[in-house]
Amino acid sequence: VRVSEAGAILQANAAAQRMLGLSFDELTRRYVSDWAPATIFEDGRPCPVEQYPVSQCLVTGQPAGPQTLGVLKPDGAVTWALFSAVPLHDQPGGPVTGAVVTFLDITERKQLEAELQQREFLYHSLFDTVPVGLGIADLEGNLLEFNAAMLAPGGYTREEIERLRNVAKLYVDPEEREEVLALARRQGFVHRREVRFKSKDGGFYYALLSLKPIRINDKACWQAMQEDITEQKQAELALRDSEERYRCLSDSTSEGIAFHEGGRIVDVNGACAEMFGYTASEMIGKSAGDFTPPPCRDLLRRKIASGAEKPYELPGLRKDGSTFPGLIWGRNITYRGRSMRVTTFRDLTEQKKADAALRASEERYRAFMEQSSEAIWRFGLEQPVPACRPEDEQIEMCYRYCYLAECNDVVTEKNLEAIQ
């Protein structure tokens, strides 16, 4: 565009007409100052006429620009351009008679820059607010960028991580890092590999590390994602420790312990498997009713359905088909979020034998007492007589504290009077 020393538009080429959205006749009826309300800086502020490159050029007689300005076209769109102005003279060294204004359309570039800025804003918004640690490091492990979530698990500040610089200093075990890098080289990425990183307080935390190859300014880098799983890991370790304690306890008891879900066995201890003549793996998956004779299974089902916790007797059915007397009691529990029932089974075979032997002995004793032709007394003591006392004191205490606990029918009143 050629303008006069007064700022009037004298000539405009086709490119200028297209960029400004005006015809040749419309342009040549205007002055530079007519664009004052429609010319803006890059930050959106209106640009005063006196700050146009052409205005400065006409005043100083020196070339001005380039300067990035936006021009509002009649249709409301903005054309962004680099404006420059060169003064015109009728003769060398003479007064300024006008200027030639050139402008390079950079609208598309500005649009791309705006889109890029928006994407960077969205990326950084996500990068800084996502609850997992995100970072970028070069292939040597030098950290280039990282978000706040990368700092939280270890209790570091951004400045402290920047001073550490290389991620190798964060690994508890250098061999873990070598294993991660070997895996990354072998398959080209790492997906949620469990590692341990140092904490600021001298401890460590557990994390799942993922690595993905990217390029930054044509340089190969790793994009890292770190998920803090310390609480989960501690819960798992506590559960494992609890299970080990349970296993040690259950394996050391002589009572059979079984877990069943919906009536199906999911775990048993060694004593339970041995009691029924199975291996533990053989019992798992079977119905709880498979281990009691058919006539007793309905009772077992009712007890399970009602959640009964009081002990009751129930015969057991061994793998070989033999049965044995048992005492059973159960309790409903929640294990790893699943509703289960833990049942304890005690083999009463020896107890039943002992009870029977005791009853037989009692019967023999009674028969002896009733059938004897001799008078039989059994005396009790109201308090124990210490064996450490002298013999005469023991005899005296026996007389003092003894009482007639039992006698047979042969004992007469005369005998009793004699004793007393």
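Which residue in S6 is the bridge partner of Pro87? Keep that question in mind while you look over the whole protein chain, and remember throughout that this is a predicted model.

**The whole chain**

Begin with the protein chain in a cartoon view, where 13 helices and 20 strands can be picked out. Turn the view to see the overall outline: the C-alpha atoms fill a box of roughly 170 × 55 × 45 Å along the principal axes. The radius of gyration of the protein chain is 50 Å, whereas a compact globule of 420 residues would have a value near 22 Å. If you now switch on a surface, you are looking at about 26300 Å² of exposed area, of which carbon and sulfur atoms supply 53%, while buried residues make up 35% of the 420 residues. Colouring by charge brings up 51 positive and 63 negative side chains, and the centres of these two sets lie 4 Å apart.

**The sheet of six strands**

Next, select the strands S1 to S6, which form an open sheet in the order S2-S1-S6-S5-S4-S3, with antiparallel pairing. The edge strands are S2 (9-11) and S3 (39-40), each of which pairs on one side only.

Start inside this sheet with strand S1 (residues 2-4), which is joined to strand S6 (residues 96-105) in the antiparallel sense by 3 bridges. Show Arg2 and you will find Val100 of S6 standing opposite. Keep Val100 selected and look for Val86 as well, since Val86 also stands opposite Val100 in S6.

Now move to strand S5 (residues 78-89), which runs antiparallel to S6 and is joined to S6 by 9 bridges. Here the opening question can be settled: the bridge partner of Pro87 is Ala99 in S6. Follow the chain from S5 into S6 and you trace a hairpin with 6 residues between the two strands, in whose turn Gly93 has a positive phi of about 80°.

Strand S4 (residues 64-72) comes next, and S4 and S5 pair antiparallel over 7 bridges. One pair to display here is Val71 with Thr79, the residue of S5 that stands opposite Val71. These two strands also make a hairpin, this one with 5 residues between the strands, and Gly76 in that hairpin takes a positive phi near 95°.

While you are on S4, select Pro66, which is found in this strand, together with Gly65, because the peptide bond that joins Gly65 and Pro66 is cis, with omega about 0°. Then finish the sheet at S3, which is joined to S4 in an antiparallel arrangement by 2 bridges; Ile40 is the residue to show here, with Gly70 of S4 opposite.

**The sheet of five strands**

Select S12, S13, S14, S17 and S18 next, and you will see an open, antiparallel sheet in the order S13-S12-S18-S17-S14. Strand S13 (264-268) and strand S14 (312-313) stand at the edges with a single partner strand each, so one side of each has no neighbour in the sheet. Zoom in on the S13 edge, where strand S12 (residues 256-261) and S13 pair in the antiparallel sense over 4 bridges. To see one of the pairings at this edge, show Glu261 and its bridge partner in S13, Arg264.

**Strand S9 and the loop after S10**

Select His191, whose place is in strand S9 (residues 190-198). Is this residue buried or exposed? With a relative accessibility of 57%, His191 counts as exposed. Beyond residues up to four places away in sequence, His191 touches Leu209 and Ser210. You can also draw a distance from His191 to Lys212: the two are 21 residues apart in sequence, and their C-alpha atoms are 8.5 Å apart in space.

Step along to Arg192, which is also found in strand S9. Most residues other than glycine have a negative phi. Arg192 is not a glycine, yet its phi is positive, at about 50°. With a relative accessible area of 42%, Arg192 is partly exposed.

For the last stop, select Asn217, which lies in the loop between strand S10 (204-216) and strand S11 (219-228). Asn217, again not a glycine, has a positive phi of about 50°, and with a relative accessible area of 77% Asn217 is exposed.

Notes:
Residues are numbered from 1 along each chain as its sequence is written. This is a predicted model: local features need pLDDT of at least 70, side-chain atom pairs count only at pLDDT 80 or more; totals for chains, interfaces and linings use all residues. Side-chain values use heavy atoms; hydrogens and water are left out. The radius of gyration is taken over C-alpha atoms; the globule rule is 2.2 Å times the number of residues to the power 0.38. Buried means under 20% relative accessible area, exposed over 50%, partly exposed in between (1.4 Å probe, protein chains only). Accessible areas come from the Shrake-Rupley method with a 1.4 Å probe; for residues, only the protein chains shown count as cover. Lys and Arg count as positive and Asp and Glu as negative; His and the chain ends are not counted. The place of a charge is taken as NZ of Lys, CZ of Arg, CG of Asp or CD of Glu. Contact means heavy atoms within 4.5 Å. Two strands pair if DSSP finds at least two bridges between them.
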